[in-house]
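Reader: I have a structure to study and should like to be guided through it by questions. May we look at it together?

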Amino acid sequence: MPNKPARKTQTLELTAPEKLNELHILDHFDSGEPSITDYLHKQARKAQAAKQAVVYVSCEKGTLNVVAYYTLSSGSVARSSVPKSLQRNTPSVHPVTLLGRMGVTLVAQGQGFSIDLLQDAIERAILASETVGSSAIIVHPLNDRLASLYSKYAGFKPCPELSPITMILPLR
C-alpha cells in the first residue's frame, strides 16, 4: 500500500491580534469548523457593532487577510455556579469574561497560533479586569481536543456547576 504524501504546512508569520475593523479581509478564512468560520463571515462585525463582543484578529504579515481570531465579552454567573474555591466572601453574582469563538484558518493550523491567541486573550482579560471587574474567564470548548488545549496551555479547569462543557480560569 503506498504511503500518503505528508501534508505540507506553510510556515506563516502573523500580525499581533488587533480589533477587527472594516479593512480586514475575511473572505479566505476557513477553519474547517462551520460554526467558527460562519461566525467570522456573517456575525463578527455585527456583534462587535452591537457591543456584544469584541473580535480580535491576526492577519498574515503584510496583508489584511484574517488568519486567526477570537472574541471576548463580559458576562456574569451565579455564585453557586462557580467552584467552591471562588465562592468565599463574594457577591451573589460573579462578573466574568467570556472567551467566545476562537479559530485559525486551515492553512495556519498546527503552528501554535491557537496558543498565541489564548495567551493574548488571557492577557487582555487580566488587563480589562483592572478597569471593569471580572473574577474569571469562562470558555465553552466545542470538543475534547479544545478542552485539552485550554487545560494544558492555560490552566482552565472544568466547571460542571455551570455546564458539562464549561471551563473556568480564575483571575485572582
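Reader: Leaving aside neighbours within four places in sequence, with which residues is Ser129 in contact?

Author: This is a predicted model, and Ser129 lies in helix H2. Once the neighbours within four places in sequence are set aside, the contacts of Ser129 are Ser134 and Leu171.

Reader: Does Ser129 count as buried or exposed?

Author: The relative accessibility of Ser129 is 18%. The limit for a buried residue is under 20%. Because 18% falls under that limit, Ser129 counts as buried.

Reader: Which helix gives the most to the lining of the largest cavity?

Author: A search of the whole structure finds one cavity of 30 Å³ or more, and about 30 Å³ of space lies in the largest cavity. Its lining is made of Leu72, Leu99, Leu118, Ala121, Ile122, Ala125, Ile137 and Phe156. Four residues of this lining come from one helix, covering residues 113-129, and that helix is H2.

Reader: How many nonpolar, polar and charged residues does the lining of the largest cavity have?

Author: The names in the lining include Leu72, Ala121, Ile137 and Phe156. Leu, Ala, Ile and Phe belong to the nonpolar class. By class, the lining of the largest cavity has no charged residues, no polar residues and eight nonpolar residues.

Reader: Which element gives the most to the lining of the largest pocket?

Author: The largest pocket has a volume of about 590 Å³. Its lining counts 29 residues, and Ile36, Met102, Gly103, Arg145 and Leu146 are the ones nearest its centre. At least two lining residues come from each of helix H1 (34-49), E4, H2 and helix H3 (144-154). With six residues, the element that gives the most is E4.

Reader: What is the make-up by class of the lining of the second largest pocket?

Author: The second largest pocket has a volume of about 460 Å³. It is lined by 22 residues, and nearest its centre are Val54, Leu72, Ser73, Ser74 and Ala128. Two or more residues of this lining come from each of H1, E2, strand E3 (66-78), E4 and H2. By class, the lining has 10 nonpolar, nine polar and three charged residues.

Reader: With which residues is Ala53 in contact, leaving aside its neighbours within four places in sequence?

Author: Ala53 lies in the loop between H1 and E2. At 10% relative accessibility, Ala53 counts as buried, because buried means under 20%. Without the neighbours within four places in sequence, the contacts of Ala53 are Tyr39, Ala47, Gln48, Thr71, Leu72 and Ser73.

Reader: Is Lys51 buried or exposed?

Author: Lys51 lies in the loop between H1 and E2. Its phi is near 60 degrees, a positive value in a residue other than glycine. The relative accessible area of Lys51 is 76%, and a residue over 50% is exposed. Lys51 is therefore exposed.

Reader: How far from a polar atom of the side chain of Ser58 does the backbone oxygen of Thr15 lie?

Author: Ser58 has its place in strand E2 (residues 54-59). Ser58 is buried, with a relative accessible area of 3%. Not counting residues up to four places away in sequence, Ser58 touches several residues, among them Leu14, Thr15, Ala16 and Pro17. Between the backbone oxygen of Thr15 and a polar atom of the side chain of Ser58, the distance is 3.1 Å.

Reader: How far apart in space are Gln111 and Arg88, C-alpha to C-alpha?

Author: Gln111 has its place in the loop between strand E4 (93-104) and H2, and at 24% relative accessibility it counts as partly exposed. A polar atom of the side chain of Gln111 lies 3.2 Å from the backbone nitrogen of Leu12. Arg88 is 23 residues from Gln111 in sequence, and the distance in space between their C-alpha atoms is 40 Å.

Reader: Over which residues is the pLDDT below 50?

Author: The chain averages a pLDDT of 90, and 93% of the residues score at least 70. One stretch has a pLDDT below 50, and beyond near neighbours in sequence it has one contact in the model. That stretch is residues 4-8.

Notes. Residues numbered from 1 in each chain as written. Predicted model: local features only at pLDDT ≥ 70, side-chain atom pairs only at ≥ 80, totals over all residues. Heavy atoms only, no water. Buried < 20%, exposed > 50% of the residue type's maximum accessible area, 1.4 Å probe, protein only. Polar contact = N/O pair within 3.5 Å; in protein donor to acceptor, adjacent residues only side chain to side chain. Contact = heavy atoms within 4.5 Å. 1 Å grid on protein atoms, 1.4 Å probe; cavity = no way out; pocket = protein on both sides within 12 Å on 5 of 7 lines; lining within 4 Å. Points joined across faces, edges and corners; volume = space filled by probe spheres on them. pLDDT = per-residue confidence, 0-100.
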